[in-house]
Amino acid sequence: MSAITLSHVSKSWGAMRAVDDVSLTADEGCLLVLLGPSGCGKSTTLRLIAGLEEADAGTIAIGGIDVTHLTPAQRKISMVFQSYALFPHLSVAENIVFGLRVRRVSRAERDQRLRRVADIVGLSHLLERKPSQLSGGQRQRVALGRAIIAEARVCLMDEPLSNLDAKLRHEMRTEIRALQQRLGMTMVYVTHDQTEAMTMADRVVLMRDGRIEQNGSPEELYNRPATAFTARFIGTPPMNLLRQGDHLIGIRPEHIRIVSGGNHAARVKAVEHLGADSIILCEIDGQPAAVRLDGFSRVQPGEDVWIAWEPRDEHRFDPVSERRLASTFKEGQLTASGQSR
Ligand code: ADP
Ligand code: MG
């Protein structure tokens, strides 16, 4: 039993409500991502789960036990921070087993667990090095190894990849996810990067100003954003939001086609060729919009084009509350499809 449940948890700093009535559950063995812009309360929520901050209100349970008033050590969790917080004067091996030493685990058991963990995180050949002799990715692996060797069922990670370059970030997020699944850990992973959330998570909790904006699977956040905020946050480029009459219409870049006989006029502003696809940045009725086309598009900046999308791909939001409205789409209402460019 290692599920995590927060019930109506709040935490303020003076007048600032960093975490405001948050309730969520991370199921046992699952990876839950806390996602949101800087300052929305992700780290505070994680630190509340870890016991590094005390909640003003609400309760926190881990594995069915109320841990709200327990110390971090009593909660039996491991944690990986953004700054790896390695001891510079200790070797990789010493850094990894540090926590076991503190807990007076026997030398024989330490060595045995170190060998296994070093193998898992791919550091077996670097155990004698000091942190200064490692690359960023290798240091990240040491921090991971230190978290894994504790054999805690619950692992909390706060933006652990933000100091790495893009390629390494990509590799490490795959590795962390594989490791979490292999060891069956319950993981809460904090990031502001929606790509990390979409690719790693079983469940995404999107936060905004200390509150939960939406809690769902990556697919749900992508296909059925509950608010315009979620729609704008998820996707690269994110969903286009167009004010049309009394409506706020959302349409994903990949759902727009450039066609002769489309029903909206657009002026092309810029074209980004990404190789596999092209992003056409254009303007529709003076509003910016992005269109994703397969392959190397020949559309030129300055061109006037016609665009179209299927009504079933439209998302509607209340223009004031920005909450999702029921779709007005009915089958058989498709736009005439023209010639795709
Ligand atoms: P995130 O991790 O999503 O960027 P945080 O949880 O770190 O956000 O912070 C949420 C809000 O609480 C921010 O406005 C931040 O400035 C504030 N905050 C966080 N920690 C403290 C603290 N120790 N003292 C005062 N304000 C804090
Ligand atoms: Mg943070």
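**Close-up views of a predicted model**

**View 1. The surroundings of Asp20 in strand E2.** Asp20 has a relative accessible area of 13% and is therefore buried; buried means under 20% relative accessible area, exposed over 50%, and partly exposed in between, with a 1.4 Å probe and protein chains only. This is a predicted model, in which local features need pLDDT of at least 70 and side-chain atom pairs count only at pLDDT 80 or more, while totals for chains, interfaces and linings use all residues. Residues are numbered from 1 along each chain as its sequence is written, chains are lettered from A and ligands numbered from 1 in the order in which they are written, and side-chain values use heavy atoms, with hydrogens and water left out. Asp20 belongs to strand E2, residues 16-26; helices (H or I, at least four residues) and strands (E, at least two) are DSSP runs, numbered from the N terminus. The side chains of Asp20 and Arg211 are joined by a polar contact of 3.2 Å. A polar contact is a pair of N or O atoms within 3.5 Å; within protein, one must be able to donate a hydrogen and the other to accept it, and residues adjacent in sequence count only if both atoms are side-chain atoms. When neighbours within four places in sequence are set aside, Asp20 is in contact (heavy atoms within 4.5 Å) with Val9, Ser10, Gly210 and Arg211.

**View 2. Strands E1, E4 and E5.** Strand E1 (residues 4-13) runs antiparallel to strand E4 (residues 57-62), and five bridges join them; two strands pair if DSSP finds at least two bridges between them. Ser10 stands opposite Ala57 in E4. E4 is in turn joined by two bridges to strand E5 (residues 65-66), again in the antiparallel sense, and Ile62 stands opposite Ile65. E4 and E5 form a hairpin with two residues between them, and Gly63 in the turn has a positive phi of about 60 degrees.

**View 3. The six-stranded open sheet with helices H4 and H5.** The strand order is E6-E7-E8-E3-E9-E10, with mixed pairing. E6 and strand E10 (211-216) are the edge strands, each pairing on one side only. On average, neighbouring strands of this sheet are turned by 15 degrees against each other, direction ignored. E7 and strand E8 (residues 186-191) are paired in the parallel sense over five bridges, and Val154 stands opposite Thr186 in E8. H4 packs on the sheet, where it touches E6 and E7, and its direction makes about 170 degrees with that of E6. H5 also packs on the sheet, touching strand E3 (31-35), E7 and E8; the direction of H5 makes about 160 degrees with that of E8. Axes are lines fitted to C-alpha atoms, for helices over the stretch in contact, and angles run from 0 to 180 degrees between N-to-C directions.

**View 4. Helix H4, residues 136-149.** The end C-alpha atoms of H4 are 20 Å apart, in agreement with the 20 Å that its 14 residues should span at 1.5 Å a residue; the expected span is 1.5 Å times one less than the number of residues. Because 10 of the 14 residues are buried, H4 is largely enclosed by the rest of the structure. Among the buried residues are Gly137, Arg141, Leu144 and Ile148. The buried residues of H4 pack against strand E6 (77-80), helix H2 (92-102), helix H3 (107-120), strand E7 (154-158) and helix H5 (166-183). Glu151, just after H4, takes a positive phi of about 55 degrees.

**View 5. The four-stranded open sheet and strand E17.** The strands of the open sheet follow the order E11-E12-E18-E19, and their pairing is antiparallel. Strand E11 (240-244) and strand E19 (324-325) each have a single partner strand, so one side of each is left without a neighbour in the sheet. E11 is joined to strand E12 (residues 247-251) by five bridges, with Gly250 as the bridge partner of Leu241. Strand E17 (residues 304-308) runs antiparallel to strand E13 (residues 257-258), joined by two bridges; Ala308 is the bridge partner of Arg257. E17 also pairs with strand E14 (residues 264-273) in the antiparallel sense over four bridges, and Ala265 stands opposite Trp306.

**View 6. The cysteines Cys40 and Cys282.** The whole structure holds zero disulfides, a disulfide being a pair of cysteine sulfur atoms within 2.5 Å. For Cys40, the nearest cysteine sulfur is that of Cys155, 20 Å away. Cys40 counts as buried at 2% relative accessibility, and Cys282 is buried with a relative accessible area of 5%.
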